[in-house]
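The following exercises ask you to read packing and pairing from a set of coordinates. Work through each task before turning to its solution.

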Amino acid sequence: MISPGNAQALRKILEYEQKKGYADSTVIGGLDRFLQNWSGAALSSINSPALAGKLRRMTAAGYADMDCAQRQQWVEDMLALLDRLEADGDRPAPASSAVTKATVVAKATRQGWTAPTAGSLDAPVTAVAGISAALAARFAKLGVKTVRDLLYFFPHRHLDYSQVKSISQLEEGQEQTIIANVWQAQVVPLGGRKGTEAIVGDETGNVRVVWFNQPYLARTLSMNSRIVISGRPSLFRGRFVFESPEWEALEDGGLVHTARLVPVYSLTQGLRPRQVRKLMKAAVERWSGLAADFLPAGARKRHDLMELPLAIRQAHYPDDSAAKDRARTRLAFDELFLLQLGVMGRRRDWQQGQQGTPLDIDRPLLDAFLGSLPFRLTAAQDKVLSEIIGDLRKPQPMCRLLQGEVGSGKTVVATAALLLAAASGCQGALMAPTEILAEQHFSTINKLLAAMGQPSVDGQVRSYSGILPRPLRVVLLTGDVSQARKQEVKRGIASGEVDLVIGTHAIIQKEVEFHRLGLAVVDEQHRFGVGQRSALRQKGSNPHLLVMTATPIPRTLALTLYGDLDLSIIDELPPGRQPVKTKWVQPSQRYSAYNFIRRQVAAGRQAFVICPLVEESEAVAAQAAVAEHQRLCRDIFPDLRLGLLHGRMSSAEKDGVMNEFRSGTLDILVATPVIEVGIDVPNATVMMVESAERFGLSQLHQFRGRVGRGQEQSYCMLLSENPSEVGRQRLDIIERTQDGFALAEEDLRLRGPGEFFGTRQSGLPDLRMARLSDIALLEAARSEAVRLFEDDPGLQSPEHRLLAGELARAWPRAAEWS
């Protein structure tokens, strides 16, 4: 074993070198000279030939010849090697044996592992040999903080370097591996900078290999050493050449970078691919045996699933493609199974934790409300309203998800339910994600109620007589309401004088107390965090809950993510609604599109122009909208009246702009994606979306839903300068498809569930391996969850102890929706 004094001396120098920016100025004469003196004593105390060989190559690599990035990598590798030398440098070296191509392939794919006798997967990641505090900080940026996190830090893909060939069998452009002797290695100029050129050969021939910007490799690759090279050979002047391939020496032990399926991990600044692969290989072999298999044995057998420790190892360093696929299936099944158990447990806790409040349904009042509408409900609206009424009658609190296209009439259905709650002596609350949407709902609901009763205004309260035996009082509560008026509203809510509250997250502030909340409606529910929905539920004694969304969610996805909710769908639009004509506009057609808007305005119509979301930043998006508004006013429509709307404006400013647009004072509204939901202007007939390829199909469909709300034909123009292949597919699909649910299925297929929602569903466990488009696996996991929930819903059985622990880890109490 290397002496602690020797190791500490070099470690201090390397840490100073890191602080000084790898300038090779820590020791007089440079690091190379220090290493010449240091390595002699160090090498004499190392028992392992493999580790001694590695240290010899690293100390001879030529630190002075490296650029800054290469020096940083070398220092990190050397610190990791010092950790290994101190920890297990005194292990006996394995017996040598003749190396053949067959044994190399076997070594490359062998998945031997050590069953740990001590330690915990919940230990900090620094418990893993080679991971210092500095490296741990970098891993933390990737969400890896414990040993368990590291085991579940799966590669996002694998490079197939498993095809081992002789040099005479090489093919151009294919990923291949050779095992060869180094005949020559030298520093040569490559592309204006120094690099390494090597000639390597086997019994069938020789091949040239070059590494750009890595002159130190010329010292590392000693003559006659045996190495493995993986990469894509190309032809240069009729001869094969490998350019900057992966490589490693055979005597380094089990192959990590070559001759196998090689994992590709997510990285951050300060983490290098080869470094991470080596650390992960050692960590998986050392720690995966501690991963207790929590999946019930029956489920594992029924679906022929791998055992968990083996699945973790094969997910990182698989024997072959079939083993990799089986590992993904097992790990994905785990994720979906835990997800299903979590949402089912959430529903049980919500409905069985306490008795809800059954509502008395005032049928004459409901008939009067429906009769006062200027239209008849569609068959889909009737069906959904009946489902909601059936839930409201029950002592178990309603948990229902209402999906419906933009303009399908969800607000009317929600208003009917809120009115029934008020008639039953309870309060109703509707929470929207933005002030614009809250104000839109407040306006819409007041128009509907005004058709039934006599309205009056008293401060912040709208009152309606003639609907109930007492005045029906409705208030708006948002963050922009003044403090004095807010206090007035809160007193009315707490005393029970207020029947219906419409607002934003201001509704769930601690100081807002309801007298008797009977029904909570959450609109655009996927935009709220878990804590916000939970806080609204806790405002009453298990109130009924209705969550609504105009974002179509594929049924498979809805059953997975919202398994705690009954599903209702309004799948038809009111009669008379015309499909919105949609066109992908090429760059050369931009001014034709502007002229089309001008003609629509001349005919008395209005238009939206949506600015692209440059990044997930409201401030940057606002700046982009301001600049585009100025350009359009100055250069394109100087004679028209343009307004501007973005998320950084105050509520009063937004109200002013929206009122001007609704009243027709403005011809064109330039906006950020803040208008995606909640704006209803029937006279607007044109929606122009800039940089449309930056948005998903569902979001583009939401934009399109802002027009086509009146009697006139409406149009959606999608401008895109240079879309990617996926962007082209999206634009083609939305041009020809009006069905929001069909678009949602396509969006899920093209972008995956994470991007489908914009940001990851708050409060749900991470899905690292599962694909929600894998319906067969999802249904299998769901069926097992239902079976288990029926047999042992509390996971009290001794055989389910491990599963209960894993479920608690996946669904921590703070993240529960109930």
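Two strands are taken to pair if DSSP finds at least two bridges between them. The model in which this is applied is a predicted one.

**Exercise 1.** Determine in which sense strand 23 and strand 24 pair, and which residue Met-688 stands opposite.

Solution. Begin with the two segments, strand 23 covering residues 684–689 and strand 24 covering residues 715–719, which pair in the parallel sense over four bridges. Then look along strand 24 for the partner of Met-688, which is Met-717.

**Exercise 2.** Establish the strand order of the open sheet of six strands, and identify its edge strands.

Solution. The order is 19-24-23-20-22-21, and the pairing is parallel. The edges are strand 19 (581–585) and strand 21 (642–645), each of which pairs on one side only. When direction is ignored, neighbouring strands of this sheet are turned against each other by 20° on average. As a last step, place helix 24 (residues 725–736), which lies across strand 19 and strand 24 and runs at about 155° to strand 19.

**Exercise 3.** Describe how helix 14 packs against helix 15, and classify the residues of their contact.

Solution. The axes of helix 14 (residues 379–392) and helix 15 (residues 410–423) come within 10 Å and cross at roughly 30°. Helix 14 is therefore roughly parallel to helix 15, since angles under 35 degrees count as such. The crossing is right-handed. On the side of helix 14 the contact includes Val-384, Leu-385 and Ile-388, and on the side of helix 15 it includes Val-413, Ala-416 and Leu-420. Classifying the residues of this contact gives 10 nonpolar, one polar and no charged.

Key
Residues numbered from 1 in each chain as written. Predicted model: local features only at pLDDT ≥ 70, side-chain atom pairs only at ≥ 80, totals over all residues. Heavy atoms only, no water. Axes fitted to C-alpha atoms, helices over the stretch in contact; angles between N-to-C directions. Parallel < 35°, antiparallel > 145°, perpendicular 65-115°, else oblique. Left-handed = near helix turned anticlockwise from the far one by under 90°. Contact = heavy atoms within 4.5 Å. Nonpolar A, V, L, I, M, F, W, Y, C, P; charged D, E, K, R; others polar.
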